[in-house]
Amino acid sequence: MISERAAKIKPSPTLAIDAKAKAMKAQGLDVLNFGVGEPDFDTPDHVKEAAIKAIKDGFTKYTPVGGTDELKEAVLRKFSADNGLEYEKDQVLVSCGAKHTLYNIAQALFNPGDEILIPSPYWVSYPDQALLNDATPVFIQTSEKDSFMISPEALEASITPRTRALVLNSPSNPTGLTYDKKTLEAVAEIAVSRNIYVISDEIYEKLVYDGTEHISIASLGKAIKERTIVVNGLSKSHAMTGWRIGYAAGPKDIIKAMTNIQSQSTSNPTSIAQKAAVAALNGPQDFILTMRAEFDKRRKFLVDSLNSTEGIRCLTPTGAFYAFPNVSALFGRGIDSTRINGSLDLATYLLDKANVALVHGEAFGNDSFIRISYATSMQNIEKGVQRIREAVSALK
Ligand SMILES: *Cc1c(COP(=O)(O)O)cnc(C)c1O
């Protein structure tokens, strides 16, 4: 029999839908996949070249557990230049993707029974990583009218003597919304005064629109910096999901504990991927601007199309590559023997009847919504929107 710990969690629902869509496609069905959580762009050439050079040069052995000096220096420079954050080398750790970084944090920080505050809707791995480390996820509901930001009052009300940490994710997966400075300042003040850690997942930092400025909560003062672990990585910014490089910066004792844990589990992230990450962080950044401009075009088209579809309404996302429309007006409608009573019903209906794959909001903690990724071509988005419209208008 498997462990109690393993029995508490489920496989990532977003990866499951992606797998189902890919399987349908392999069977020859014309599936449009809006379930994806990765850029549809290829990794930039200069990054690939650095990896090929690493292989040819024989840079193929163990490296220091927490990443090479060269990569840590590149990470330090990035934090200083992009976020105004100054760290030392023993305050950063490079891991096998940001998901691994987050897992190391959970292992290093959470005690059994600790409460971990997770604003909802949330990225699917936060609660399950807490559960895997015997901590208790506590959800803080957010709403459309607050652009899915937690209110300082709701945060205060959620804190108990057992609260250990708050997970923040801006820009957000799944909502595509970003926190403003005023709210971050209020959150920081509460975290400091109530003595809780902030785990700030900033993986979508580079993907912001409409002049939105990304602000790291750690940059709002010395006290909050000392209580924040900033998480970032190359997967989204440089279309490097398969390379598995993520990193964290934060208090020395926590980073040291995370490094010890990593030394007993994965050891260093792949040597070759580390060389590629150095090239990505230190090299030209025009790739990001090109990718972002394309995402921006798709975002506007997709959101306009959704909002002109009866029964669907969608806030304009200011970051990441997801639209998160409210579809609750469709609940109760149906066709033939099919009745749509929630987000999973709708996602299943759209996949089966319209060959459109997307993720039900319930997977992210809010059943009134669905998540549509626009990390797919404009042509696919145009076709997909058309199919969604037809399928939705058939519901009576
Ligand atoms: C994609 C993603 C990550 C993890 O990315 P890695 O590929 O593991 O670096 C972490 N957080 C959020 C919110 C994400 O969407």
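This structure holds five cavities of 30 Å³ or more. The model is predicted. The tour visits two cavities, then the ligand.

**Stop 1: the largest cavity**

Select Pro119, Pro121, Asn169, Ser172 and Tyr179. Of the 20 residues that line the largest cavity, these lie nearest its centre. The volume here is about 170 Å³. Now colour strand S3 (115-120) and strand S5 (163-169). These are the elements that give two or more residues to the lining of the largest cavity.

What is the lining made of, by class? For the largest cavity, 12 residues are nonpolar and eight are polar. No charged residue takes part in that lining.

**Stop 2: the second largest cavity**

Keep S3 on display. S3 supplies at least two residues to the lining of the second largest cavity, and so do helix H5 (98-109) and helix H6 (125-132). Show both helices as cartoons. The space inside comes to about 80 Å³.

Next, select the lining as sticks: Leu102, Ile105, Ala106, Phe110, Ile116, Ile118, Tyr126, Gln129, Ala130, Val167 and Ile199. By class, 10 of the lining residues are nonpolar and one is polar. Charged residues are absent from this lining too.

**Stop 3: the ligand**

Where does the ligand sit? Go to the largest pocket; the ligand is there. Select the 13 residues around the ligand. Ala98, Asp201, Ser235, Lys236 and Arg244 come nearest.

Colour the shell by class. Five residues are nonpolar, four are polar and four are charged. Set this beside the two cavity linings, which have no charged residues.

**Stop 4: oxygen atoms of the ligand**

Turn on distance labels and check three contacts.

- Arg244: a polar side-chain atom lies 2.7 Å from an oxygen atom of the ligand.
- Lys99: here the backbone is the part to show, with an N or O atom 2.9 Å from a ligand oxygen.
- Lys236: an N or O atom of the side chain is 3.0 Å from an oxygen atom of the ligand.

Finish with a surface view. How much of the ligand's accessible area does the protein cover? On its own, the ligand has 380 Å² of accessible area, and the protein covers 94% of that.

**Views to save**

Save one view of the largest cavity, with S3 and S5 coloured. Save another of the second largest cavity, with H5, S3 and H6 shown. Keep a third of the ligand in the largest pocket, with Lys236 and Arg244 among the residues that come nearest.

Notes: Residues are numbered from 1 along each chain as its sequence is written. This is a predicted model: local features need pLDDT of at least 70, side-chain atom pairs count only at pLDDT 80 or more; totals for chains, interfaces and linings use all residues. Side-chain values use heavy atoms; hydrogens and water are left out. A residue is near a molecule or strand if one of its heavy atoms lies within 4 Å of it. A polar contact is a pair of N or O atoms within 3.5 Å; within protein, one must be able to donate a hydrogen and the other to accept it, and residues adjacent in sequence count only if both atoms are side-chain atoms. Accessible areas come from the Shrake-Rupley method with a 1.4 Å probe; for residues, only the protein chains shown count as cover. On a 1 Å grid over the protein atoms alone, a cavity is a set of points where a 1.4 Å probe fits but cannot get out, and a pocket is an open set with protein on both sides within 12 Å along at least five of seven lines; lining residues have an atom within 4 Å of a point. A molecule sits in a cavity or pocket if more than half of its atoms lie within 2 Å of its grid points. Ala, Val, Leu, Ile, Met, Phe, Trp, Tyr, Cys and Pro count as nonpolar, Asp, Glu, Lys and Arg as charged, and the others, Gly among them, as polar. Grid points are joined across faces, edges and corners, and a volume is the space filled by probe spheres set on the points. Helices (H or I, at least four residues) and strands (E, at least two) are DSSP runs, numbered from the N terminus.
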